[in-house]
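Here is a short briefing to read alongside the model. Please have the sequence and the 3D view open as you go.

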Amino acid sequence: MNYIKIDLGITNTYLLHLKNGYMLIDTGYSSNYDSFVKGLKKNNIDISQIKYLFITQYHDDHAGFAAKLKEEFNIPLIVQKTSVSLLSKGDSDGQEIEFPITKRVGFIFGLFSKFHNDFKYPPVIINEEDIIIDGDDKNVLRSLGIPADIIFTPGHTCDSMSILCDDGVAFVGDACMNFLKFLGANYRPIYYTSLEKMYSSIERLISLGAKTIVPAHGKEYDVSKLIDMLRKKRSIKY
């Protein structure tokens, strides 16, 4: 799977080739818009070439300027059914009870939240032009020219979904990360809403053939990193 990565600092967004343009995966924070446009220009891409926006989850670092793309450029969205009401609130704070993956992560993000205390973004209102996914889906992306399935991967949030390409490249949003490993995150989401669902989603991606993990936070990495993590944390043999 050939893809274009646009690094927005803490968050990565990705562009996948379609038959007649691109599909964007996530947006980053609202404040990342100008950096995103610069990233497009660097790759000789115009916003008009983006035909769909795939949102992996409702948090502000994934849907920050989704409303802008939808309202100003008429870009339809692909979202999970459970994302619809959450996106309409335009706020990723307080919608679910979240737990840090380690105490060290909790301490550091307790400090971070003092500086980043506004988790709001322009509300995203879903309409008939958008595509709503209910759980897994094996047809929508293929109809757009992307050889991939949509996999429902809750655990970090209740609405998380990933893209698993036929060649094993997996765009996972925050279902897995490569971020703050020195705090013990160990390729896991730094926060979770359900520990059991989080691990089950990771295990499922592996069982379905994921080979290269492409996260929203951090660099791409081989699935063997996740397998090693599961062996240590879950005593699972592969």
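In which helix does Phe-107 lie? Phe-107 lies in helix α5, which covers residues 103-115. Please keep in mind that this is a predicted model. The points below start with that helix and then move on to the core, the aromatic contacts, the salt bridges and the backbone.

**Surface patch and nonpolar core**
- Phe-107 joins Ile-108 and Leu-111 in a nonpolar surface patch of about 270 Å².
- With a relative accessibility of 56%, Phe-107 is classed as exposed, because the cut-off for that class is over 50%.
- In soluble globular proteins, nonpolar side chains tend to be buried together.
- The largest nonpolar core here contains 30 residues, and Cys-176, Ile-190, Ile-213 and Leu-226 have the most contacts inside it.
- Helix α5 appears again at this point: along with β10, β11, α7 (195-207) and α8 (224-233), it gives two or more residues to the core.
- The element that gives the most to this core is α7, with 5 residues.

**Aromatic contacts**
- A total of 7 aromatic pairs is found in the structure.
- One of them is the tilted pair of Tyr-187 and Tyr-221, with 4.6 Å from centre to centre and 40° between the planes.
- This pair links distant parts of the chain, 34 residues apart: Tyr-187 sits in the loop between β10 (169-173) and β11 (191-192), and Tyr-221 in strand β13 (residues 221-222).
- Tyr-187 and Tyr-221 are both buried.
- Elsewhere, Tyr-3, Tyr-14 and Phe-171 make up one aromatic cluster.
- A lysine also meets a ring: Lys-68 lies over the face of Tyr-33, 4.8 Å from the ring centre.

**Salt bridges**
- Side chains of opposite charge can pair when their charged atoms come close.
- The whole structure has 10 salt bridges.
- Glu-220 and Lys-5 form one of these, with 3.8 Å between the closest N and O atoms.
- Glu-220 is in the loop between β12 (212-215) and β13 while Lys-5 is in strand β1 (residues 3-7), so this salt bridge ties together parts that are 215 residues apart in sequence.
- Glu-220 is partly exposed at 27% relative accessibility, and Lys-5 is partly exposed at 30%.
- Asp-130 and Lys-70 meet in a salt bridge of 2.7 Å, N to O.
- Because Asp-130 lies in the loop between α5 and β7 (131-133) and Lys-70 in helix α3 (residues 66-73), their pairing ties together parts 60 residues apart in sequence.
- Asp-130 and Lys-70 are both buried.
- Asp-149 pairs with Lys-138, and their closest N and O atoms are 3.3 Å apart.
- Asp-149 belongs to strand β8 (residues 148-152), and Lys-138 to the loop between β7 and α6 (140-143), 11 residues away.
- Asp-149 counts as buried at 14% relative accessibility, whereas Lys-138 is exposed at 55%.
- Through shared partners, salt bridges join Lys-138, Arg-142, Asp-149 and Asp-166 into one network.

**Backbone and loops**
- Most residues other than glycine have a negative phi.
- Asp-26, which is not a glycine, has a positive phi of about 65°.
- Asp-26 is located in the loop between β3 (22-25) and α1 (33-42), and it is buried at 2% relative accessibility.
- Asn-186 likewise has a positive phi, near 55°, and its place is the loop between β10 and β11.
- Gly-168 lies in the loop between β9 (161-165) and β10, and is buried with a relative accessible area of 2%.

Note on methods: Residues are numbered from 1 along each chain as its sequence is written. This is a predicted model: local features need pLDDT of at least 70, side-chain atom pairs count only at pLDDT 80 or more; totals for chains, interfaces and linings use all residues. Side-chain values use heavy atoms; hydrogens and water are left out. Rings of Phe, Tyr and Trp (its six-membered ring) pair if their centres lie within 6.5 Å; planes under 30 degrees apart count as stacked, over 60 as edge-to-face and the rest as tilted. Helices (H or I, at least four residues) and strands (E, at least two) are DSSP runs, numbered from the N terminus. Buried means under 20% relative accessible area, exposed over 50%, partly exposed in between (1.4 Å probe, protein chains only). A charge sits over a ring if NZ of Lys or CZ of Arg is within 6 Å of the ring centre and within 35 degrees of the ring normal. Patches are made of residues with over 30% relative accessible area and no salt bridge: like charges are joined within 9 Å, nonpolar side chains (Val, Leu, Ile, Met, Phe, Trp, Tyr) within 5 Å. Accessible areas come from the Shrake-Rupley method with a 1.4 Å probe; for residues, only the protein chains shown count as cover. A salt bridge is a side-chain nitrogen of Lys or Arg within 4 Å of a carboxyl oxygen of Asp or Glu. A nonpolar core is a set of buried Ala, Val, Leu, Ile, Met, Phe, Trp, Tyr and Cys residues joined through side-chain atoms within 4.5 Å.
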